[in-house]
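Trainee: I would like to learn how to read a protein model step by step, beginning with the overall arrangement and then moving to single residues. Could you guide me through one?

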Amino acid sequence: MAQIKVLIVGAGLGGICLAQTLRKAHIDVEIFERDASPWDRPQGYRLHLEADALNALREVLPSSLHQLFEATAMRTEPFTTILKTDLSVAKRIPTDDGQDAQFWPEFISDEKIHCNVDRGTLREIALIGLESCCHFNKQLTRYESKADGVVATFADGTSANGHVLIGADGIHSAVRPQRAPQLNTMDAGVQAIYGRVPYELAEKLLPPEALEDIFGIATDERKLFLGTGAVRFPTKPDVAAKEILRSATLEPRDNYVVCIVGGRHELFPQSHAELRSATPKYLQAVAVKMLEGWPEKARDLVGGGDSESFFIVSMSTSVPGVLDSPTNVTLLGDAVHAMTPTLGRGANLAMRDAALLGRQLKTVARGEKPLAEALGSYEQELLRYGFDVVRESVAMGQQRMGQNPLP
Ligand SMILES: Cc1cc2nc3c(=O)[nH]c(=O)nc-3n(C[C@H](O)[C@H](O)[C@H](O)COP(=O)(O)OP(=O)(O)OC[C@H]3O[C@@H](n4cnc5c(N)ncnc54)[C@H](O)[C@@H]3O)c2cc1C
């Protein structure tokens, strides 16, 4: 058994899933997160999970946390509802579950594999048990890679030493410019305003299909879109699940439907910089105004949303590329293969990366492989599937919302 210490930069879903799987294998791990707490920044509400995330969560989480995840996830029908602008159903498109049976040795096969979950709830669950090794208010500024390990330096002047460092620090990664300066991201040309609509109101305005399917989307001739996605917490969690929820201090939460009004930057009345500093209420009013000319129902849905919940996101994507030879530093999730949310797969891939990298680091800890070989195997596979999905998401983004093409 070789003693290795793993430093993870970023406590997003990718970083914390990696930490969970390493802890299960008794590997020494520490996470360093820039934010002051898990709830500092709005990152979206509903998260669509499919085969990669579901297989990964089963592999990386301790079984009690996995049960908790299952008790809070909504299973959806495997379709995207294409809506007309009056919110009636135009058609339903079957949606692939992204299953890769070769990658997942005991893969989950289930017709209802697609889930909509509340991102905050999932992150809260996945952070349970990591309290002592997850440090907040720790922004990585740079690292130094040496033959026998890595030194990470933080904005507060402190540093940490480990054998390997993982950049799981998202699309604006501080690790990537050092580890892979050749990998770039680009503006997708698109932005979107997100908010939460109370479930009871959404039920009155949306057809039942849009509440059962993964996602609903209506688009006009300018490719301005209104997206919807329901999050329903199981109404009658079984007794065991209720007990776990209570013991984890996770109260059952209110159901909601996320609403998204988006399109190319030019369709918005102000620049992204101006809108970023606007209040949630103002953003909601902008979103409603952008739907002028659409039937009233669409505006009522957005206008009836929780006024404090609205925020704006400018979308970017990674540009596929290569990594230099493996060192003792690598990347995971959006830090390497970020994409626009059109396919709803970015978090799924970050969790798949975590499972794959976890498997490789365990071979190092067991003394079966040198570190560089293990990271090399991980990176080769990561680049293949990660950038395939990036390309797929760009194609879908171009079709649905006028996203910029890759260079
Ligand atoms: C609105 C929206 C909706 C989405 N919907 C879906 C969906 O339905 N399904 C899906 O699969 N994906 C979805 N995605 C994509 C998904 O959110 C990302 O792919 C996923 O969060 C990536 O996880 P990650 O752990 O790699 O990075 P992140 O979640 O971005 O986490 C990175 C973490 O690193 C921290 N960090 C950054 N810099 C530093 C630093 N220098 N030092 C220390 N810490 C640092 C950040 O604070 C953050 O906590 C959506 C994205 C958005 C924006």
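**Reading the sheet and its surroundings**

Mentor: Let us begin with the sheet, keeping in mind that this is a predicted model. Seven strands make up an open sheet, and their order across it is E6-E5-E14-E15-E16-E13-E17, with mixed pairing.

Trainee: Which strands stand at the edges of the sheet, each with a single partner strand?

Mentor: Those are strand E6 (89-94) and strand E17 (311-319); each has a single partner strand, so one side of each is left without a neighbour in the sheet. Neighbouring strands here are also turned against each other, by 25° on average when direction is ignored.

Trainee: Do E5 and E14 run parallel or antiparallel, and how many bridges join them?

Mentor: Strand E5 (residues 77-83) and strand E14 (residues 213-219) run parallel, and five bridges join them. To follow the pairing on the screen, you can look for Leu-83, which stands opposite Ala-218 in E14.

Trainee: How many bridges does E16 form with E13, and how many with E15?

Mentor: E13 and E16 are paired over nine bridges in the antiparallel sense, and Val-190 has Arg-264 in E16 as its bridge partner. E15 and E16 also run antiparallel, joined by seven bridges, and there Phe-225 is found opposite Gly-262 in E16. Strand E16 is mostly covered as well, since eight of its nine residues are buried, a word that stands for under 20% relative accessible area.

Trainee: Which helices should I look for beside these strands?

Mentor: Helix H11 (residues 296-303) lies across strand E13 (184-198), strand E15 (225-231) and strand E16 (256-264), and H11 runs at about 55° to E15. Helix H14 (residues 371-401) packs on the sheet too, where H14 touches E5, E6, E13, E14, E15, E16 and E17, and the direction of H14 makes about 130° with that of E17.

**Reading a helix**

Trainee: What span should helix H1 have, and how far apart are its end C-alpha atoms?

Mentor: The idea is to count 1.5 Å a residue, taking one less than the number of residues. For the 12 residues of helix H1 (residues 13-24) this gives an expected 16 Å, and the end C-alpha atoms are 17 Å apart, which agrees.

Trainee: Is H1 mostly covered or mostly open to the outside?

Mentor: H1 is mostly covered, with 10 of its 12 residues buried; among them are Leu-13, Ile-16, Cys-17 and Leu-22. Just after this helix comes His-26, which takes a positive phi of about 60°. You can compare helix H4 (residues 119-127), where the buried residues include Leu-122, Ile-125 and Leu-127, and which is followed by Gly-129 with a positive phi near 95°.

**Reading single residues**

Trainee: Where is Thr-80, and what does it touch?

Mentor: Thr-80 is placed in strand E5, and because its relative accessibility is 9%, Thr-80 counts as buried. Setting aside neighbours within four places in sequence, the contacts of Thr-80 include Lys-91, Ile-93, Phe-215 and Arg-400. The side chains of Thr-80 and Thr-95 are joined by a polar contact of 3.1 Å.

Trainee: Is Ser-88 buried, partly exposed or exposed?

Mentor: Ser-88, in the loop between E5 and E6, counts as partly exposed because its relative accessibility is 27%. Its side chain makes a polar contact of 2.7 Å with the side chain of Asp-86, and, not counting residues up to four places away in sequence, Ser-88 touches Ile-82 and Leu-83.

Trainee: How far apart in space are Ala-210 and Ala-230?

Mentor: Their C-alpha atoms are 7.7 Å apart, while the two residues are 20 residues apart in sequence. Ala-210 lies in helix H7 (residues 208-212) and is buried, with a relative accessible area of 1%. Beyond residues up to four places away in sequence, Ala-210 touches Thr-81, Leu-83 and Thr-228.

**Reading an annotation**

Trainee: Which residues does UniProt list for "domain: FAD-binding"?

Mentor: The UniProt record, an unreviewed entry, lists residues 4-182 and 328-392 under that heading. Over residues 328-392 the chain of this model is 71% helix and 5% strand, and the end C-alpha atoms of the stretch are 30 Å apart.

Methods
Residues numbered from 1 in each chain as written. Predicted model: local features only at pLDDT ≥ 70, side-chain atom pairs only at ≥ 80, totals over all residues. Heavy atoms only, no water. Pairing = 2+ DSSP bridges. Helix = DSSP H or I, 4+ residues; strand = E, 2+ residues; numbered from the N terminus. Axes fitted to C-alpha atoms, helices over the stretch in contact; angles between N-to-C directions. Contact = heavy atoms within 4.5 Å. Buried < 20%, exposed > 50% of the residue type's maximum accessible area, 1.4 Å probe, protein only. UniProt positions renumbered as here; feature names shortened; annotations may be inferred. Polar contact = N/O pair within 3.5 Å; in protein donor to acceptor, adjacent residues only side chain to side chain.
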